[in-house]
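Trainee: Please take a close look at a single part of this model for me, and then set that part in its surroundings. I would like one connected account, with each cut-off stated where it comes up.

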Amino acid sequence: MASISLRKVVKQYGTGAKANPVIHGVDAEIADGEFVVIVGPSGCGKSTLLRMVAGLEEISGGEIAIGDRVVNEVEPADRDIAMVFQNYALYPHMSVFENMAYGLKIRKLPPEQIRARVDKAAGILELSHLLQRKPRELSGGQRQRVAMGRAIVRDPQVFLFDEPLSNLDAKLRVQTRLEIQKLHRELGVTSLFVTHDQVEAMTLAQRIVVMNGGRMEQFGTPEEVYGRPATTFVASFIGSPAMNLLKGRVDGARFVIGDTALSLPQPAPREGELILGLRPEHALPHDGQAVAADATAWPLKVEMVEMLGAERLVYGRLGDAPFTLRIDGTDAPPQAGASVLLKAPAERLHWFDPATGRRVD
Amino acid sequence: MVERRPALTMLSHLILVLGVLIVAFPLYIAFVASTHTASEIVQAPMPLLPGSHFLETWSAALFGNSGGGSKAPVGQMMWISFASAMIIAVGKIAISLLSAFAIVYFRFPARNFFFWAIFVTLMLPVEVRIGPTYQVVSDLKMLNSYAGLTVPLIASATATFLFRQFFLTVPDELVEASRIDGAGPLRFFRDVLLPLSKTSIAALFVIQFIYGWNQYLWPLLVTTDESMYPVVIGIKRMISGGDAANDWNIIMATALLAMIPPALVVVLMQRWFVKGLVDAEK
């Protein structure tokens, strides 16, 4: 087991004038035994970053160290890692046993030791009765487990997962997610997990790396990423539906969006142009009675309501700005065209600088 | 589609039977001819029932005889044909596999140039370059040798192209997985690519074996010694031309013998052959 250090890691394709940078200097320290999820939209460089740790992509700049060893020039096989691929990458002509044993065979382990290791891994993953099957005779979930088994038998210092759940159906995905969590608890191996699914990220991770456009936007626990997003990107990417981001101007105790002025429950961190963030689930609809009396309430003009079962999503506008509100499914739904008054809890407001997109406290 | 109409069934059977007759009748005649003596065949009308000289003719054909034209034993010719067809088929497959492997999996200078160079030779059949090729082979003193018979026919753009296309369908993750497993390029080639391509290899082997066996023009040029004739040339040489009497019974027996090995290869490898053409195991 080992820690992973990324120091100013840069990746670019091509050189000189034609250079096309895709990762712009990522710094991260991943502790021994930690489960870290890299999440971001497609094309943000998250897979590239993982493949650089694996050694499948060259590192254009900076350093990657596994444990105390800088691995920039080390072959993938010698980095003491194991990787689970999105489409499993099982060798189609080999049986499950051979698939799992292949890496060990190349490392010239004695056959009885290979046998023992594969049996043990197969036991953990409940694959023992499938060892003689070929991959094509297995279901998606079973293939997924074989791919994980192949990683486990190598007894690596680091597990790398490249969107391993995206080919599974929704139910199996949840189940496999739990299995991966259980596995990590049992084995305690440092793991890096890439996904574009924020639910996977939130549920699996001890810490999350949020990436966008080749940059690391935030590196923190799921609570931090959700509760104190460092940038507008993180704010809108984590959480569903996305956080409402209102562009406007702070003027004393009021926040002005176009012609509409909203009164703030607590002073903003500074005057001037700012972006106000408020999650749909944190804005509270007022109950009908007290409304007229309360001048601090925000009037939301309702445009559309969606029923999701346990909850309803109310789409509307605060002044000119679009705003989404999440209310309980059992509440009486507001009519389109009606006006709902909102209350914004002071501790739930987030402020961002419109120029940099960074959080302002 | 299952249809039960007796008339239609009859008709289709009739057409098939006619087809079989058209193909099989000449073969039958050849067989009948090989069971008579040379003089019996040339009488009119030609006998249509097998005669009594089967063993005589066939052993004469296999082990050499004393008629006009070439007298080399067919047994040896068959061996030469078989050996060169095998060398051509195996050589072609080996070289094509390796060159396709290089083109698909390695980045080397002028990789595209080499691919296109190979591809362009697709348009140049042996016949087009036969003059210069003959010059090269004869300067290298390879006339009348297995090398002369096979080497110029081994390089194959078609097979290289076929394997290239197949390798391109192998997912990149397999390469990456085997890299992480610690397999070097040749190990990957042997343990992953070869087993995956085995049905294509089998299909190609059938095609190339028959191609090698049926070579006529090239062996005609490079073999001048009777002991190096492949069987196809042997048949030709047995017909002495002019007014000389030909041993048609022996020629027919030889022709039938020459058909057996390719037929065997097709029949025995049929299952693999079809599989290789129809599906790539994934």
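Mentor: Of the 361 residues of chain A, 38% count as buried, a residue being buried if 20 or more other C-beta atoms lie within 10 Å of its own, exposed if 12 or fewer, and partly exposed in between, with C-beta atoms placed from the backbone. This is a predicted model, in which local features need a pLDDT of at least 70 and side-chain atom pairs count only at pLDDT 80 or more, whereas totals for chains, interfaces and linings use all residues. Residues are numbered from 1 along each chain as its sequence is written, while chains are lettered from A and ligands numbered from 1 in the order in which they are written. Chain A averages a pLDDT of 89, and 97% of the residues score at least 70, on the scale from 0 to 100 that gives the predictor's confidence in each residue.

The part I choose is helix α4 of chain A, residues 140–153. Helices here are DSSP runs of H or I with at least four residues, strands are runs of E with at least two, and both are numbered from the N terminus; by that count chain A has eight helices and 20 strands. The 14 residues of α4(A) should span 20 Å at 1.5 Å a residue, and the end C-alpha atoms are 20 Å apart, which agrees; the expected span is 1.5 Å times one less than the number of residues.

In its surroundings α4(A) is mostly covered, with 11 of its 14 residues buried. Among them are A:Arg143, A:Arg145 and A:Arg150, together with A:Val146, A:Met148 and A:Ile152. The buried residues pack against the strands β6 (81–84) and β7 (158–162) and the helices α2 (96–106), α3 (111–125) and α5 (170–187), which belong to chain A as well; two residues are in contact if their C-beta atoms, placed from the backbone, lie within 7 Å.

The loop between α3 and α4 of chain A holds A:Glu126, whose phi is near 60 degrees, a positive value in a residue other than glycine. A:Glu126 counts as exposed because it has 11 C-beta neighbours inside 10 Å. Just after α4(A), A:Asp155 takes a positive phi of about 55 degrees. Chain B offers a related case in B:Asn144, with a positive phi near 55 degrees; B:Asn144 sits in the loop between α6 (130–139) and α7 (146–154) of chain B and is partly exposed, with 16 other C-beta atoms within 10 Å.

Two of the elements that α4(A) packs against, β6 and α2, lead on to the other chain. The contact takes 17 residues from chain A and 16 residues from chain B, and β6 and α2 of chain A each supply at least two residues of the side of chain A that touches chain B. By class, that side has 13 nonpolar, three polar and one charged residues, where Ala, Val, Leu, Ile, Met, Phe, Trp, Tyr, Cys and Pro count as nonpolar, Asp, Glu, Lys and Arg as charged, and the others, Gly among them, as polar.

Elsewhere in chain A, five strands form an open, antiparallel sheet in the order β13-β12-β11-β14-β20, two strands being paired if DSSP finds at least two bridges between them. The strands β13 (260–263) and β20 (350–352) of chain A stand at the edges with a single partner strand each, so one side of each is left without a neighbour in the sheet. Three bridges join β14(A), residues 272–278, to β20(A), and A:His350 is the bridge partner of A:Gly277. Ahead of β11 (244–251), the loop that follows α8 (232–237) of chain A contains A:Pro241, and the peptide bond to A:Pro241 from A:Ser240 is cis, with omega near -5 degrees.

A further open sheet of five strands, again with antiparallel pairing, has the order β15-β19-β16-β17-β18 in chain A, with β15 and β18 (321–328) as its edge strands. Within this sheet β16(A), residues 298–307, and β17(A), residues 311–318, pair over six bridges. The edge strand β15(A), residues 284–285, has the lowest mean pLDDT among the elements of chain A, 78.
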